[in-house]
Every structure is written in C-alpha cells, then in structure tokens.
Amino acid sequence: MSAGETINGVPVTEQQISEWVAEADAGYDVDALKKRGRRRPGRGAEPSQVVALRLTSEELAELDARAARAHKTRSELIRDALAAYAG
C-alpha cells in the first residue's frame, strides 16, 4: 500500500490491514452482513427502483445549482419535480 492512503480521511495503517486480513481469513457471518444492508434509508415499505437518466452537462449543472439552492440532493429535487408534475 502506498504511503498516505486514507479511508474517509483516516490514514490506513499496516496494523489495520493485518486486522482486515485476519477478519477475512476467519470468515464472515453472511446473515449478519445481509441485515446491515446498504445503509441507505428506506423510502417506503417496498424497495426503491433505480432509474437511469441522461442529462446534458448544462442540464446537470442547472439541476445541481437548483438542488444546492434548495439544500436538497439531485434525487430529492427530481422526485419533487415528478410529484409536482404528476399531481
């Protein structure tokens, strides 16, 4: 590993790598890993669907600017726009 490698700004040490190797060698509890999930909050009782959307660089810049002004994510802004359009 090269010097200065970090995860979320925290330096990764050889000790940490050795601990990860030992953990992997010991095996993982698959059921416990499945329960942890992806750490994204649910949006309802059913899983959400991912929908791909192609935007020009200008459209993306405008979306990001509007999202920043509204203190929202791109996804939140798009969902709000869809709800307004459908409503």
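Which residue with a positive phi follows α3? In this predicted model, α3 is followed by His-71, whose phi is positive, near 55°.

The helix that precedes this residue runs over positions 57-70, and its length can be checked against its geometry: at 1.5 Å a residue, the 14 residues of α3 should span 20 Å, and the C-alpha atoms at its two ends are indeed 20 Å apart, so expectation and model agree. His-71 itself belongs to the loop that links α3 to α4 (74-86), and its positive phi occurs although the residue is not a glycine. Because its relative accessibility is 74%, and exposed means over 50%, His-71 counts as exposed.

Asn-8, a residue other than glycine, also has a positive phi, near 55°, and is placed in the loop between β1 (6-7) and β2 (10-11). With a relative accessibility of 78%, Asn-8 counts as exposed. The table sets out the accessibility of the residues discussed here.

| Residue | Relative accessibility | Class |
|---|---|---|
| Asn-8 | 78% relative accessibility | exposed |
| Leu-55 | 37% relative accessible area | partly exposed |
| His-71 | 74% relative accessibility | exposed |

Leu-55 is found in the loop between α2 (30-36) and α3 (57-70). Its relative accessible area of 37% makes Leu-55 partly exposed, because that class lies between the limits of 20% and 50%. Together with Leu-53, Ile-78 and Leu-82, Leu-55 forms a nonpolar surface patch of about 360 Å².

Conventions: Residues are numbered from 1 along each chain as its sequence is written. This is a predicted model: local features need pLDDT of at least 70, side-chain atom pairs count only at pLDDT 80 or more; totals for chains, interfaces and linings use all residues. Side-chain values use heavy atoms; hydrogens and water are left out. Patches are made of residues with over 30% relative accessible area and no salt bridge: like charges are joined within 9 Å, nonpolar side chains (Val, Leu, Ile, Met, Phe, Trp, Tyr) within 5 Å. Accessible areas come from the Shrake-Rupley method with a 1.4 Å probe; for residues, only the protein chains shown count as cover. A salt bridge is a side-chain nitrogen of Lys or Arg within 4 Å of a carboxyl oxygen of Asp or Glu. Helices (H or I, at least four residues) and strands (E, at least two) are DSSP runs, numbered from the N terminus. Buried means under 20% relative accessible area, exposed over 50%, partly exposed in between (1.4 Å probe, protein chains only). The expected span of a helix is 1.5 Å times one less than its number of residues.
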